[in-house]
Amino acid sequence: MIMVAGMYMTAIAQEATPSMVLQMRDGSAKAIVLDKDTRLSFTATSIVVSGKEGQIEFDRDKVYRYTSTLAPSGIGAVAACDNVRVSLNGRSVILSGLQPGSEAILASLDGKRVVTAVADANGSATLTAPDAAIFIVNAKGITFKFTAR
């Protein structure tokens, strides 16, 4: 095991421990044990995991998909689709790689729809949160939490 960013990175995730597993395009897997100090961020080119001990960065083009075992959110394991890209701009979630005409939903934690958007001809949709809160985003079979500040 290697200590990285306040968490242990191993070849295999432990089911009882909150973790995130990155399935790499070369067939390997990277498991990161998550703790209360772990922060995940997604940029257009990388996935960054940081914590008390530092940070590690993964090239998004080398990651096939990622899953999380964090169950307290009310969402079970989360898997990203291969061709969907997510970026953030203030209180907006910008999705690309969607099927044109498909629906993207921003919902409150109790499941009520707050904002919906339809992917344009290029497969892009933008969901803008009306206020600072935690929301659930759902589009093309992917679901994740988003904190608008």
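This is a short walk through a predicted model, moving from its core residues to an arginine in a loop and a leucine in a strand.

**Stop one: the largest nonpolar core.** Select Leu 95, Val 137, Phe 144 and Phe 146. Of the 19 residues in this core, these four touch the most other members. Now colour the strands that give two or more residues to the core: S10 (92-96), S11 (103-108), S13 (125-128), S14 (133-139) and S15 (142-148). S15 gives the most, with four residues.

Zoom in on Phe 144. Leaving out neighbours within four places in sequence, Phe 144 is in contact with Val 86, Val 93, Leu 95, Phe 135, Ile 136 and Val 137. Apart from this core lies another, of 10 residues; pick out Met 24, Ile 32, Leu 34 and Phe 58, which are among them.

**Stop two: Arg 60.** Head for the loop between strand S7 (54-59) and strand S8 (63-68), where Arg 60 sits. What is the nearest side chain of opposite charge to Arg 60? That's Asp 61, 6.9 Å away, and Arg 60 is buried yet has no salt bridge. Show the backbone of Thr 43 too: its oxygen lies 2.8 Å from a polar atom of the Arg 60 side chain. Beyond four places in sequence, the residues Arg 60 touches include Phe 42, Ala 44, Ile 47, Val 84 and Val 86.

**Stop three: Leu 40.** Jump to strand S5 (residues 39-42) and select Leu 40. Leu 40 counts as partly exposed because its relative accessibility is 35%. Add Met 20, Leu 34, Val 48 and Val 49, which Leu 40 touches, not counting residues up to four places away in sequence. Finally, draw a C-alpha distance from Leu 40 to Glu 57: 9.9 Å, with the two 17 residues apart along the chain.

Note on methods: Residues numbered from 1 in each chain as written. Predicted model: local features only at pLDDT ≥ 70, side-chain atom pairs only at ≥ 80, totals over all residues. Heavy atoms only, no water. Core = buried A, V, L, I, M, F, W, Y, C linked by side-chain atoms within 4.5 Å. Buried < 20%, exposed > 50% of the residue type's maximum accessible area, 1.4 Å probe, protein only. Contact = heavy atoms within 4.5 Å. Lys, Arg positive; Asp, Glu negative; His and termini not counted. Salt bridge = Lys/Arg side-chain N within 4 Å of Asp/Glu carboxyl O. Polar contact = N/O pair within 3.5 Å; in protein donor to acceptor, adjacent residues only side chain to side chain.
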